[in-house]
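Please examine how helices pack against one another in the structure shown here.

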Amino acid sequence: MIDARTRPVGLLGWPVEHSRSPLIHNAAFASQGLPFCYVALAVEPEHIGAAVAGLRALGFAGSNVTVPHKEAVIPHLDVLSEAATAIGAVNTIVCWPDGSMYGDNTDAAGFLAPLLPQEHDLMGSEMVIFGAGGAARAAVYGLLTTFEPSRLTLAVRTPARAEALARDLAPHDAASALDVVPITEAGPAVASSRLLVNATSVGMTPHDTQSVWTTFEAHHLAYDLVYTPRRTRFLQLAEAAGAAIQSGLDMFVGQAAAAYVQWTGQTMPLDVVRRVLDGGVDASSDAEK
């Protein structure tokens, strides 16, 4: 029941119509009897500063932030987490009781969540990330600070963008593991790597017959950050070659859970969230929320 005691949580994005975040957060709030509600807020880019100020003025507990606002919100916040500072983007805002606005990036935590049980296997191994956008930045930060890869190759179509990413995250690359190669020359790095991560939008519905990479081996762990469809062409090809696969849906749930605890002080009920996601939700979604 929504009443005057209910604290809203928002999603700042443009567009936000297909977001699944209201679905999972509201189901989680209801299951725990918490006085919160989650709403998707379509905010045009020129109004993002006013929207962030509005969170404070209207008593919001906080918000998520999705494209195209993850960088634009930063000047309007009071404090940033280490992860948000390193990645250069915010996907979670927390409105603290003293009126301060805290910006965090839970994408890295969400990305790592399904990999942590395999820490012994992944520690110090070679890895490849396809892409150099926002999702790739979160993945690179997470891998460098958790698994200390012996080599972390960014396989990209535009090397200049990946080289900028590598420079930005160099303070977290103690072993000088980062390398940049054109995707057309990524074959040797792929062959010797344990983990392959698709951090591009290639293969997302409605272009689900496409894959950023097509050649896999049984020793690979293929992780696609796209989760619509759940079994992307990238994952289908990897599984057919005998590789282990990991869906991006777990990253989506993991980043949501890391934000949820900051707003509510409670652990997100993941069993409830997964039941809701399995309940016939429309397949369309924006790229990150």
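The paragraphs below take up two helix pairs in turn.

The model is a predicted one. A useful starting point is helix α11, which spans residues 270–277. Helix α1, formed by residues 21–32, packs against α11 with the two axes 9 Å apart and at an angle of about 135 degrees. An angle over 145 degrees would count as roughly antiparallel and one of 65 to 115 degrees as roughly perpendicular; α1 and α11 are therefore oblique to each other. The crossing in which α1 passes α11 is right-handed. On the α1 side, Leu23, Ile24, Ala27, Ala28 and Ser31 make the contact, and they meet Val272, Val273, Val276 and Leu277 of α11. Sorted by class, the residues of this contact comprise eight nonpolar and one polar, with no charged residue.

The second pair joins α11 to helix α10, which runs over residues 249–264. Here the axes lie 11 Å apart, and the packing angle is about 135 degrees. Helices α10 and α11 are therefore oblique to each other, and α10 passes α11 in a right-handed crossing. Helix α10 contributes Leu249, Asp250, Phe252, Val253 and Ala257 to the contact, while α11 contributes Leu270, Val273, Arg274 and Leu277. This contact has seven nonpolar and two charged residues, and no polar ones.

Two residues of α11 deserve attention when the pairs are viewed together. Val273 and Leu277 take part in the contact with α1, and Val273 and Leu277 also belong to the contact with α10.

Conventions:
Residues numbered from 1 in each chain as written. Predicted model: local features only at pLDDT ≥ 70, side-chain atom pairs only at ≥ 80, totals over all residues. Heavy atoms only, no water. Axes fitted to C-alpha atoms, helices over the stretch in contact; angles between N-to-C directions. Helix = DSSP H or I, 4+ residues; strand = E, 2+ residues; numbered from the N terminus. Parallel < 35°, antiparallel > 145°, perpendicular 65-115°, else oblique. Left-handed = near helix turned anticlockwise from the far one by under 90°. Contact = heavy atoms within 4.5 Å. Nonpolar A, V, L, I, M, F, W, Y, C, P; charged D, E, K, R; others polar.
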